[in-house]
Amino acid sequence: MAKVENISFAENFPISYIELEKEAEKKMGAGGFGYVQSGAGGEETLRKNTESFAKYSIVPRMLRNVSVPDTSVTLFGKTYPYPIFLAPIGMQRLEHEEGEIASSRAAAVYHVPFIQSTVSSYSIEEIAAATGSSPKWFQLYWSNHEETAFNMMRRAEEAGYEAIVLTVDTVMMGWREADLRNNFSPLKLGYGKANYESDPVFMSSLKDGDVVRGILDNIHHPTLSWEHVARLKEKTNLPILLKGILHPEDAKLAVEKGIDGIIVSNHGGRQLDGVTAAIDALGPIAKAVNGLIPVLFDSGIRRGSDAVKALALGADAVCLGRPFVYGLAIGGQTGVEKVLANFIEETKVSLSLAGVSSLKEITSLQLIR
Ligand SMILES: Cc1cc2nc3c(=O)[nH]c(=O)nc-3n(C[C@H](O)[C@H](O)[C@H](O)COP(=O)(O)O)c2cc1C
Ligand SMILES: CCCCCCC(=O)C(=O)O
């Protein structure tokens, strides 16, 4: 780390998101880069996700002794040093040979919880072995072969994962024009198989032994409903969060049905184009939930001041997505560590300059539109 004035930062590494994206593009093939970078449809939501942060202006407070900001957050009885998670991102071998092994180890360096995707390139057990006791959550894609979903969740529980994130906005793939243009399907190319190939329940469900076809048959699940969620809940003692909530009524239903937390997200603009910017959905949802369950946020977080705005609007923590994946493409584990180092430092500086000395008081930080 280098230092300029009071700021520590990762040297010889892209600082801004634009630079990160540019460097990552040089390292990745066109198909893989297009898959990560692009959004659905005309990319209206992808653009809005980042642009909409500018609608919210922080009104900072002064003279508040911000010398040692307390950035810790407690969720489900566990305290983490920062209100920051790594979002579940599938198939990270697209970016780097070491994929999720590298990114989960980088997260562990900062005690940042790593959310592992169902469609990851290394299995639940491999990531657990690589990261020991550092915090991990498991993101579950529902499976049409229901026992496969239950078994993956059981494996995560046994491997020491601390929560299950059920993604509910991906019952089918969005209309992604870059992938159509490039004829690019990471699932068909065999990325994202690790949790399936290592799952005896899934493997024994295959009729013809074709793993890729089996994944494709299972992962698109348009029948998903609250009844499935209730069945899932019966099968685990881990907290369950629903990822992909954008409507306050769905958030209220989640509370009513005993769900433990939600992630406000539009999947980084990759699913339905034209939906609300995630940051615009956050305030009304936080109000509807009224502190009854934790509310996490992703989709558009690019810098520390974005995190401060999301926290002020009611998020308990934010998940970093594309920025860390670009770090992975540029420099493997070290690249992700550098992205995290800069993001954490910028978040701390932003909180201090906003006059927030503890996250416990963040919701009193005023934002004007
Ligand atoms: C390449 C890529 C793969 C993703 N894979 C998953 C996944 O497997 N499971 C999931 O729930 N979300 C997945 N997401 C969505 C992220 O978890 C997160 O919602 C999104 O990246 C947030 O948008 P942002 O990265 O633009 O901030 C993926 C996103 C990207 C960019
Ligand atoms: C039908 C869901 C497949 C999703 C694959 C990974 C993902 O979430 C993505 O955004 O891409």
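Where does ligand 2 sit? I began with this point and found that ligand 2 sits in the largest cavity. I note at the outset that the model I consulted is predicted.

**Entry 1: the surroundings of ligand 2**

I next asked which residues are around ligand 2. I recorded Tyr35, Met91, Tyr141, Thr170, Met173, Arg176, His220, His267 and Arg270. I then sorted this shell by residue class, and it divides into 4 nonpolar, 3 polar and 2 charged residues.

I looked up the polar contacts of ligand 2 as well. An N or O atom in the side chain of tyrosine 35 is 2.4 Å from an oxygen atom of the ligand. For tyrosine 141, I noted a polar side-chain atom 2.5 Å from an oxygen atom of ligand 2. Histidine 267 also places a polar side-chain atom by the ligand, 2.8 Å from an oxygen atom. I then checked the surface of the ligand: taken alone, ligand 2 exposes 340 Å², and the protein buries 95% of that.

**Entry 2: the surroundings of ligand 1**

I turned to ligand 1 and asked which cavity is the space that this ligand takes. The space taken by ligand 1 is the largest cavity, and I had already entered the largest cavity as the site of ligand 2.

There are 23 residues around ligand 1, and I noted that Pro88, Ser117, Thr167, Arg302 and Arg322 come nearest. By class, the shell of ligand 1 holds 8 nonpolar, 10 polar and 5 charged residues.

Three polar contacts went into my notes. In the side chain of arginine 322, an N or O atom is 2.6 Å from an oxygen atom of ligand 1. The side chain of aspartate 298 has an N or O atom 2.9 Å from an oxygen atom of ligand 1. Tyrosine 141 appears here too, with a polar side-chain atom 3.1 Å from a nitrogen atom of ligand 1. Taken alone, ligand 1 exposes 610 Å², of which the protein buries 99%.

I marked tyrosine 141 for a second look. Its side chain has a polar atom 2.5 Å from an oxygen atom of ligand 2 and a polar atom 3.1 Å from a nitrogen atom of ligand 1.

**Entry 3: two residues with positive phi**

I looked up the backbone angle of glutamate 5. Glutamate 5 is not a glycine, yet its phi is positive, at about 55°. I located glutamate 5 in the loop between strand S1 (2-4) and strand S2 (7-9). Is glutamate 5 buried or exposed? Glutamate 5 has a relative accessibility of 71%, so I entered this residue as exposed.

Phenylalanine 76 was the next residue I checked. Its phi is near 50°, which is a positive value in a residue other than glycine. Phenylalanine 76 belongs to the loop between S4 and strand S5 (78-80). I entered phenylalanine 76 as partly exposed because its relative accessible area is 30%.

**Entry 4: loop residues and distances across the chain**

I placed methionine 62 in the loop between strand S3 (57-59) and strand S4 (73-75). Methionine 62 has a relative accessible area of 57%, and therefore I listed this residue as exposed. How far apart are the C-alpha atoms of methionine 62 and glycine 90? They are separated by 42 Å, with the two residues 28 apart along the chain.

For asparagine 182, I found a place in the loop between helix H7 (177-181) and helix H8 (194-197). Its relative accessible area is 35%, so I recorded asparagine 182 as partly exposed. Asparagine 182 and glycine 31 are 151 residues apart along the chain, but I noted that 5.8 Å separates their C-alpha atoms.

Leucine 292 lies in the loop between helix H13 (278-289) and strand S12 (295-297). I entered leucine 292 as exposed because its relative accessibility is 61%. From leucine 292 to lysine 252 I noted 40 residues in sequence and 9.7 Å in space, C-alpha to C-alpha.

My last residue was glutamate 361, in the loop between helix H15 (322-353) and strand S14 (366-368). Glutamate 361 has a relative accessibility of 28%, so I put this residue down as partly exposed. Glutamate 361 and glycine 261 are 21 Å apart, C-alpha to C-alpha, and 100 residues apart in sequence.

Key: Residues are numbered from 1 along each chain as its sequence is written. Chains are lettered from A and ligands numbered from 1 in the order in which they are written. This is a predicted model: local features need pLDDT of at least 70, side-chain atom pairs count only at pLDDT 80 or more; totals for chains, interfaces and linings use all residues. Side-chain values use heavy atoms; hydrogens and water are left out. A residue is near a molecule or strand if one of its heavy atoms lies within 4 Å of it. A polar contact is a pair of N or O atoms within 3.5 Å; within protein, one must be able to donate a hydrogen and the other to accept it, and residues adjacent in sequence count only if both atoms are side-chain atoms. Accessible areas come from the Shrake-Rupley method with a 1.4 Å probe; for residues, only the protein chains shown count as cover. On a 1 Å grid over the protein atoms alone, a cavity is a set of points where a 1.4 Å probe fits but cannot get out, and a pocket is an open set with protein on both sides within 12 Å along at least five of seven lines; lining residues have an atom within 4 Å of a point. A molecule sits in a cavity or pocket if more than half of its atoms lie within 2 Å of its grid points. Ala, Val, Leu, Ile, Met, Phe, Trp, Tyr, Cys and Pro count as nonpolar, Asp, Glu, Lys and Arg as charged, and the others, Gly among them, as polar. Helices (H or I, at least four residues) and strands (E, at least two) are DSSP runs, numbered from the N terminus. Buried means under 20% relative accessible area, exposed over 50%, partly exposed in between (1.4 Å probe, protein chains only).
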